[in-house]
Structures are given as C-alpha cells and as structure tokens.
Amino acid sequence: MNFKPPEPRSASKTVRPSGSIVTAEKAFSFISKGWREVRSSADADLQLLKNRANSFKNLADKELENFLNSASRTPFSVPTITASATLNPPPPAEIDFVKKLQPKLSEFRRAYSSPDFKFYSKPQIKINLSAIKNAIVAEVGEEEDEEDERESLRKWRGVRFKEKEREEGQFGEFWEPIRTFKSRLRELEHKSSAEIFEGIKNSEFVEKFKSSLKSICKDPHESKEVPPLDVPELLACLVRQSSPFLDQLGIGRGISDKIVESLCSKRKNHLMLRSLSDGESSIVESDNITDELDLRVASVLQSTGHHYDGGFWSDIGKNDVSELSDKKRHVAIVTTASLPWMTGTAVNPLFRAAYLAKSAKQNVTLLVPWLCQSDQELVYPNNITFSSPEEQESYIRSWLEERIGFKADFKISFYPGKFSKARRSIMPAGDTSRFISSKDADIAILEEPEHLNWYHHGKRWTDKFNHVVGIVHTNYLEYIKRERNGALQAFFVKHINNWVVRAYCHKVLRLSAATQDLPKSIICNVHGVNPKFIEIGEKVAAEKERGEQTFSKGAYFLGKMVWAKGYKELIDLLAKQKKDLDGFNLDVYGNGEDAHDVQNTAKRLNLNVNFMKGRDHADDSLQGYKIFINPSVSDVLCTATAEALAMGKFVVCSDHPSNDFFRAFPNCLTYKTPEDFVAKVKEAMANEPLPLTPEQRYSLSWEAATQRFMEYSELDKVLNNPGGSSRSNNSLTKSSSMPNLNEVVDGGLAFAHYCLTGNEFLRLCTGATPGTREYDNQQCKDLHLLPPQVENPIYGW
C-alpha cells in the first residue's frame, strides 16, 4: 500500500505572523539537539543488544546441534500415562512427528548459520526533520483550524508507517526462518488432523454406528408389510397351545408335535414356491418348527402394535425381588417327610438345604411337616417322639452336622401334617404356602410336587413365588398298580399328577426315567450321598493299597420293609433260583409295616435270609459287606445303591431306568433275567470291587448334585437375574408381544383345582385324609397358630 505525502497548503494559508515563525524555529532547534543525544544513546544500546544476540546465537547453535543429534540417535515418543508407567516409565519410541520436523529444523539451521544472515544489524533510521518542522509550525499557528489538525495527524501517521516499513525491511531477514518454521508446523498440523479424521471416517466402528442410526431412524414406509396368519398357521398354533388338553384326552405330545410340524411344513413349502416364482432368495430357514411359529406369530402381533402384559390368571400381588426383606434371594424347600423318619424325602431335602446354604449366596428355609404325638409314634422309629418343634429341630441339626462336617446356616420351619395309614405317607393339613412369609416368598423347591398338591387348598405357588421348581422322588403309579383296581386308580392318578404339576410349577426335575412323564419336566439326578459314605470309600481304597482285607462278609439288602420296596422281587428271585444259589446267604436290614408278612413268607419258602432290624447304612456293622443287592423296580433313584457304590462295594441291581445313573460305575452289575441275576451274584462273589476314581467319587457327592440342580432347574439364571423372572430370555422376547395360552390353561387348572379341593365331600371321595383341609386344634397348640376359623373367618347372614 502506498501513502502519498501531504499536499502543500495553498498560498493564502502559508502566510503566518513573524513572531510565530521565530518561536517555532527555536523549538525546532531545541528538539534537534535532543534528538542527536537520543540517537547516540540508542546506537550504544543497539550495539550492546547485538553483542548479546551473537552470544545467544552461538549457544543456540550448540543446543540445536545436540537436539538434532539426539533425535537422530534416539527415537522420541510420548508414552501413555498409566498406573504402571508412573512407576516404571516405558522406553521412548519413534514417532512420525520428529521425522517430519527434522528436515525443517535442518533448513532453519542452515539459514540461521549462513554468513549472509544479519542479526539485528544497525538500523538506518532516517527522520524527515523538515516534515516535523512543518508539522510543528502548522500545529502552533492553526490550533483553531480543525482541518489543519486532521492533516497534521495524517503526516505523523504516514511518517510512522514508513519508518515501520523500513524497520521491517531491515529485520525481515532474521524473521524469515521463523515464519517458514511456523508455516511448516501449521501444514503438518492440518495434514495430521486430516489423516486422523479420515481414519475415523473410514473406521468399522463409525460404519456400525451409522448403520445402527439408520436402523433406528428408518422410515416406517420402507419396512415390508407383514402378511397375516393363514389358516394352517392358525391351526398349528391352536394345536400346539392345546397340547396339555389333548394330552388329558389321550392324544400324546408326540402326535401333537407331528400335527404342528405337518401344518408348518405346508406353509413353508408354499412360501418357498412363491418366493421362487417371484425371484426372491431370502427364505428364513429354521430347524425348530415351534420357534419359527412363535416368531411368526410374534412378528404379526408386533406389526399390529399389540403388546401383551400378563396372563389371565396372573396375580398382581406377586412378590418383587426388589421388595424382599434383604439383598439376598430366598429359597424355600418344602418336603413331605422329616427326620427321624429315614426316608428319601426326609434326608435328601435336608442335605440340599445345607449345601445350598453353604454358598451363602441366598437364604434358605427348609419347611418340614409337624406330626402330633400319636402320629409320631406311628412314623418315627425306635419310639422317638418330640414334644415341641424346637426339640425336633435340635435333633435334625445335630444329625446333619455329624454327617456333613460343617455348620449349616439355614432356617427350619414346620407346617401341620397328618399321617395317612392307607397311603403310608404324610399329607399336608391346610395351606402349606402360608408358612413362608410373603416377604421371603421368592423361590420355592417342592420336593414331591404332586404329593404336596393333591389336596392343596390355598394360594397358588406360582402366584406367590417368582420361581417354583418341583423334584419328583417317587413313582406313585408303580405303587398304585400293586393295589386293588390298581390300573384304574393309576389312570386317574396319572392325569391328576399332570394337572397339579402344570398348575403349580414352573420347572420339574425327574430323578430318573422311572417316573411319570410330567409336563415341564426334565430328567436329572440332583441327589448326592452323605459325605460319610465317601470317606468310608476312601478308607477302603487305602486299605486295598496296603494289601489289607477290606470285606469280610458276603451280601446284604437294606430298605424299608414293605412289599413295594423290592421285597417282593427279592423273595421271588431267591425262591426261583434257590438251587443255583445253594450256599448263598443274604442278610436283610429293615423295619416297616410288612415286616411280619415278609419274614413269614421267607420262612415258609425256606430261604437263606437273615432278617435284622433296620439301621443307618453308615453303621460299622454294615461296612464289612462286599455286595449290596437291590432288586427293586419301584424306586426312582435308590439312595442306598448310591451309598453302597460310594463305599466301594459291588451293587447287583435290576436293568431298570431307575438305575441308569449308576451304569457308569464299574462296580454296578445289572441283570435282566433271573438267570442273569445268579450270574452277576457269582461274579461279584468271585471278584473284588474296583476303587472309585476321584471323578466318580465327586459325581456321587452333594457338591456335584447341587451343581447339577442349579443348572437343570435354571436356578443359577434366576438368582443372577435381578428381575427374578422364571422364564428364559427367549420366551420373554416372545411373550412381550404374544399372549401365552399355556399360562391361561395353567391358571384355569389351578382355579378349578382350588374349587374342587375346597369341598370336603369331594376330598373324601377322592381319598383325602379327613380333617386335612384345615389344621386341627392340637396342631394349633403345638405350632402356636391361631385357629382356622380365626385365621379365615366365614361371614354369613
């Protein structure tokens, strides 16, 4: 930009009085003298600055040389600051920044060290004194003239700008490398940021994020219209949802599944033909017909905007996990028997409660029946009776701690029960579910769910608890078939069992395939053996390693002495194969209602059987036997068989589904015919049992049984699920948009069962123990309960 000098004033404006001119000349003379003094002083200061700048130049050359040399020898990096890096900093690593910066520094160094480089050369400052003189004269004579004042300011600005341009021209050679360095840094910065932005733009994460945003913000008009359900699909859905009702009519689950598969396959073939004709290739393939049908129905319902929030019979008062009494989940184990009655439903639930409580992840309550004094005398062995529930609880805990070796932290509660002589079992009296408080009603484990609910008249278990698991212990159909008109009774009991299990359980575990095929059931052995038996087995294995004799006795049988517990099969085998088993003696231990008949029959047939009173299987008198014989086919999973295997004995048992779990053990010898029974007995007598491996020993333990129970009952998922739902994630996804007809049917069955069991006449007609709809006054006194008419008053006119 060029500035023009101020134009000369007109003649009329340059004429001034003589006095003013003399005064201005004196002032200019004074200023000129002062300026010369300032100039000489400034020259001296500039010379001093030049000397100091030269010394700084030399020092900077050395430092720059050291920096460049160190950068070329040792890579430079910026380490990531972490907790470990602050203690042990990682070695520097080379980055591209120094590689790109080093050429620019070398160029700067060459320019800086060149002989032509002038650093703070002496400035040639030239002041236009004539212009200053004219400005001063004009200022003195024209203070009142505003136009002259503006022109004077322009002169000063023009002079100052020219001087500044001159100074920049003199020092421009020094600042040029700095400008070059700064411009190169800016270019590098822009290039790096552009590369980073391009890398982010092309990254896989950004692509996924963009695709997810597109799916969220997708235009509803772009989605394909979901076709409605056709007639085959509607029929398939109806048949599949009606399978419980069809099962009651005698149409098995397999037939229903085949009908559903046939209907769905027709629909699938029709879609494939239509897609081929239209040129489409995207056909959803699925091996599971039911899942494909569920997803199809759910997609149709979702397209209509329908949302399903609950079942027709669902209870809005179900306990929420967040409202429990504490942070832990609660598990209630309800069983049908209690010690000192040495039966499977008394012993196994006790061990289950102890080992579930051992993990300390959940609170456990064991709910067992309380019998009045008269019933205790009929049920408990050796005339053992208890005057209070606290006394029986002390006995139970003492018995348990002697066998497991640790103190089990769980609660024991009692509900009123009555012993049925006809059924030889304890029947609940009143509503059993009310003995678990609502604040602790979270997870329920029903030992023998069909037994507990035959005559259950109270709150539905699945309404009160978030997750209900049933464990089937007993093959009731096998027992009933042995009675008078057993086939007819077994037919009705089979359907009643299906009824109550569907109505009151979310999941059912069957110990073996010997039990009835119940709805919602799966087969898994969730029982273990007393740790004492495993210790005995380890002791026997150690004695064998030392070469000592471990077994000094022959064969024995142990069990409750009733005909249905294998005594009928045992007497028949010994009688038929009496000649082949000449010299074979069998010791039998047991007590029971049929003891007198069994002993008389064996004596009449002149069998080599010695009868003794029942005792604990871990008793020292039983450890010397080498062979345990169990011909029972009514058991579901014989605990005595597992205990004998754990002690390292031979087991001779029937080739029956109840013994499937034991086939994997080499000491288990199964037979199919009476002749095969004789051969297995002789084989066991002639050989020594093999010691168990650590894996086999662990599979018999309660630790392994508890692990299997947590897995197959889905209790591990429920405990880890903060929502406390009893359904899997897949079913939850479907039920959010599709009503479940099964839940409606189950709720209807439960309501019908509640109505029927509320009538005392119908209860007695179906074989219920009198007085079990409500507990009696004696049980109220023993358990400190209010009378039923006070708990549940009936108001009328």
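Leu-488, Phe-491, Phe-492 and Ile-496 form a nonpolar patch on the surface, and together they offer about 400 Å² of accessible area. A patch here is built from residues with over 30% relative accessible area and no salt bridge, with nonpolar side chains (Val, Leu, Ile, Met, Phe, Trp, Tyr) joined within 5 Å and like charges within 9 Å. The areas come from the Shrake-Rupley method with a 1.4 Å probe, and for residues only the protein chains shown count as cover. Ile-496 sits in helix α18 (residues 486-504). Helices (H or I, at least four residues) and strands (E, at least two) are DSSP runs, numbered from the N terminus. With a relative accessible area of 34%, Ile-496 is partly exposed. Throughout this report, buried means under 20% relative accessible area, exposed means over 50%, and partly exposed lies in between (1.4 Å probe, protein chains only).

A word on what you are looking at: this is a predicted model, in which local features need pLDDT of at least 70 and side-chain atom pairs count only at pLDDT 80 or more, while totals for chains, interfaces and linings use all residues. Residues are numbered from 1 along each chain as its sequence is written, and side-chain values use heavy atoms, leaving out hydrogens and water.

**Salt bridges**

Let us turn to the charged side chains. The structure holds 24 salt bridges, each being a side-chain nitrogen of Lys or Arg within 4 Å of a carboxyl oxygen of Asp or Glu. Three of the pairs are listed here.

| Pair | Closest N to O distance |
|---|---|
| Lys-358 and Glu-703 | 4.0 Å |
| Asp-635 and Lys-565 | 3.7 Å |
| Arg-663 and Asp-655 | 2.3 Å |

Lys-358 forms a salt bridge with Glu-703. This pair links distant parts of the chain, 345 residues apart: Lys-358 belongs to helix α12 (residues 344-358) and Glu-703 to helix α25 (residues 702-712). Lys-358 is partly exposed at 47% relative accessible area, and Glu-703 is partly exposed too, at 35%.

Asp-635 and Lys-565 also meet through their side chains in a salt bridge. Asp-635 lies in the loop between β12 (625-630) and α22 (639-646), and Lys-565 in the loop between β9 (553-558) and α20 (567-576), so the pair ties together parts that are 70 residues apart in sequence. Asp-635 is buried, at 12% relative accessibility, whereas Lys-565 is partly exposed at 28%.

Arg-663 and Asp-655 take part in a network of salt bridges that also includes Asp-660 and Lys-672. Arg-663 has a relative accessible area of 37%, which makes this residue partly exposed. Asp-655 is likewise partly exposed, at 29%.

**Strands and cysteines**

Which strand pairs with β14 in the parallel sense? The partner is strand β13 (residues 650-654), and the pairing runs over four bridges; two strands count as paired if DSSP finds at least two bridges between them. One of the links joins Ser-654 to Tyr-671, its bridge partner in β14. Strand β14 (residues 668-671) is covered on both faces, with Cys-668 and Thr-670 buried on one side and Leu-669 and Tyr-671 buried on the other.

How many disulfides does a search of the whole structure find? The result is zero, where a disulfide would be a pair of cysteine sulfur atoms within 2.5 Å. For Cys-638, the closest cysteine sulfur is in Cys-653, and the 8.9 Å from sulfur to sulfur is too far for a bond. Cys-638 is buried, with 13% relative accessible area, and Cys-505 is buried as well, at 1%.

**Backbone details**

A few spots in the backbone deserve a look. Most residues other than glycine have a negative phi, and most peptide bonds are trans. The peptide bond from Leu-339 to Pro-340, however, is cis, with omega near 10°. Pro-340 is in the loop between β1 (329-334) and α12.

Asn-382 has a positive phi, near 55°. This residue lies in the loop between α13 (373-379) and α14 (389-404), and is exposed at 69% relative accessible area. Asn-606 also has a positive phi near 55°; its place is the loop between α21 and β11 (609-612), where Asn-606 is exposed at 53%.

Helix α21 (residues 595-604) contains Asp-597, which is partly exposed at 39% relative accessibility. Asp-597 and Val-562 are 35 residues apart in sequence, while their C-alpha atoms are 9.1 Å apart in space.
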